[in-house]
Amino acid sequence: MADYYHELGWRELGDGEQPNHLLHMARFLIDYGLYEVTFAEQWPRLPPAASIEAVENLKEIIIEDDSENNCPICLKKFCINEKAKEMPCQHLFHEKCIITWLYKTNSCPFCRYELPTDDKVYETFKIEKKRAAKRRENIETLHNSMFS
Ligand SMILES: [Zn+2]
Ligand SMILES: [Zn+2]
């Protein structure tokens with residue numbers, strides 16, 4: 001039994017450690033395919049706001065040449081010497097535009113690149129979904145190596 005849990009990436013709790021109910025619930029729902037049923041419809045419709053830290057850490061750029069680029073949010077062109085914010089996906093936005101946007105949801109309006117959020121529930125599900133996908137991949141690889 002201990003091996004079974006170990007294999008699932010679970011471990012025994014240390015002294016004074018509380019079980020992480022949220023993590024267990026997330027794993028349970030995803031592993032049994034209930035995640036899609038439970039949450040795909042109603043949650044999350046939009047990912048939550050970006051974390052304050054992530055927004056504060058966005059790179060600031062001064063527009064140096066009269067480029068053809070528009071801000072994807074307000075669709076206005078950037079002017080020379082105007083301040084812009086660069087997302088990690090390298091898309092540029094007016095500071096005001098992107099901060100208002102990230103206050104509502106964490107993803108780049110242009111390519112959906114996601115910034116970290118302060119929302120524990122959302123972050124847990126995101127990590128667990130990745131883990132579940134990786135495990136499916138491993139099982140497929142194993143299956144293929146056995147039967148090809
Ligand atoms: Zn703008
Ligand atoms: Zn982007």
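A salt bridge is taken here as a side-chain nitrogen of Lys or Arg within 4 Å of a carboxyl oxygen of Asp or Glu. In this predicted model, Lys126 meets that criterion with Glu123, the closest N and O atoms being 3.7 Å apart. Both residues belong to helix H6, where Lys126 and Glu123 are three residues apart, about one turn of the helix. Lys126 also forms a salt bridge with Glu114, and the closest N and O atoms of this pair are 3.5 Å apart. The contact with Glu114 links distant parts of the chain: Glu114 is placed in the loop between H5 and H6, while Lys126 is in helix H6, twelve residues apart. Glu114 is partly exposed, at 31% relative accessibility. Lys126 falls in the partly exposed class as well, with a relative accessible area of 24%.

The structure holds eight salt bridges. Another of these joins the side chains of Glu60 and Lys83, at 4.0 Å from N to O. Here too distant parts of the chain are linked, with Glu60 in strand E1 (residues 59–62) and Lys83 in strand E2, 23 residues apart. Glu60 has a relative accessibility of 42% and therefore counts as partly exposed. The relative accessible area of Lys83 is 44%, so Lys83 is likewise partly exposed. Glu60 and Lys83 belong to a network of salt bridges that also takes in Lys85 and Glu95. In general, side chains of opposite charge can pair when their charged atoms come close.

The secondary structure of the chain consists of six helices and three strands. Along the sequence these elements follow the pattern α-α-α-α-β-β-β-α-α. The chain has 148 residues, and buried residues make up 28% of them. Of the contacts between residues at least 6 apart in sequence, 49% join residues at least 24 apart. The exposed area of the chain is about 11100 Å², and carbon and sulfur atoms supply 55% of it.

Two zinc sites are described in turn. The zinc ion (ligand 1) is coordinated by the SG atoms of Cys71, Cys74 and Cys97 and by ND1 of His94, at 2.0 to 2.4 Å. Angles of 95 to 117 degrees are subtended by the four donor atoms around the zinc ion (ligand 1), which makes the arrangement tetrahedral. For assignment to this class, all angles among four donors must lie between 85 and 135 degrees. The ideal angle for four tetrahedral donors is 109.5 degrees. In sequence, the spacing of the donor residues of the zinc ion (ligand 1) is C-x2-C-x19-H-x2-C. Among these donors, Cys71 is buried, at 0% relative accessibility, whereas Cys74 is partly exposed, at 29%.

The zinc ion (ligand 2) is bound through SG of Cys89, Cys108 and Cys111 and through ND1 of His91, at 1.9 to 2.4 Å. The site of the zinc ion (ligand 2) is tetrahedral, with angles of 104 to 115 degrees among its four donor atoms. Its donors are spaced C-x1-H-x16-C-x2-C along the chain. His91 is located in the loop between strand E2 (83–86) and strand E3 (92–94), and Cys111 in the loop between helix H5 (95–102) and helix H6 (120–147), so the pair ties together parts that are 20 residues apart in sequence. Cys111 counts as partly exposed, at 37% relative accessibility.

Further features involve helix H6. Phe125 is found in this helix, and Phe125 is buried, with a relative accessible area of 2%. The C-alpha atoms of Phe125 and Ala26 are 6.0 Å apart in space, although the two residues are 99 apart in sequence. Met146 also lies in helix H6. In contrast to the buried Phe125, Met146 is exposed, with a relative accessible area of 55%. Together with Leu142 and Phe147, Met146 forms a nonpolar patch on the surface, and the accessible area of the three residues together is about 370 Å².

Terms used
Residues numbered from 1 in each chain as written. Chains lettered and ligands numbered in written order. Predicted model: local features only at pLDDT ≥ 70, side-chain atom pairs only at ≥ 80, totals over all residues. Heavy atoms only, no water. Donors = N, O, S within 2.8 Å, 3.2 Å for Na, K, Ca; no water. Tetrahedral: all angles 85-135°; square planar, octahedral: opposite > 155°, others 65-115°. Helix = DSSP H or I, 4+ residues; strand = E, 2+ residues; numbered from the N terminus. Buried < 20%, exposed > 50% of the residue type's maximum accessible area, 1.4 Å probe, protein only. Contact = heavy atoms within 4.5 Å. Areas by Shrake-Rupley, 256 points an atom, 1.4 Å probe, with all protein chains shown as cover. Patch = residues over 30% accessible without salt bridge, like charges linked within 9 Å, V, L, I, M, F, W, Y side chains within 5 Å.
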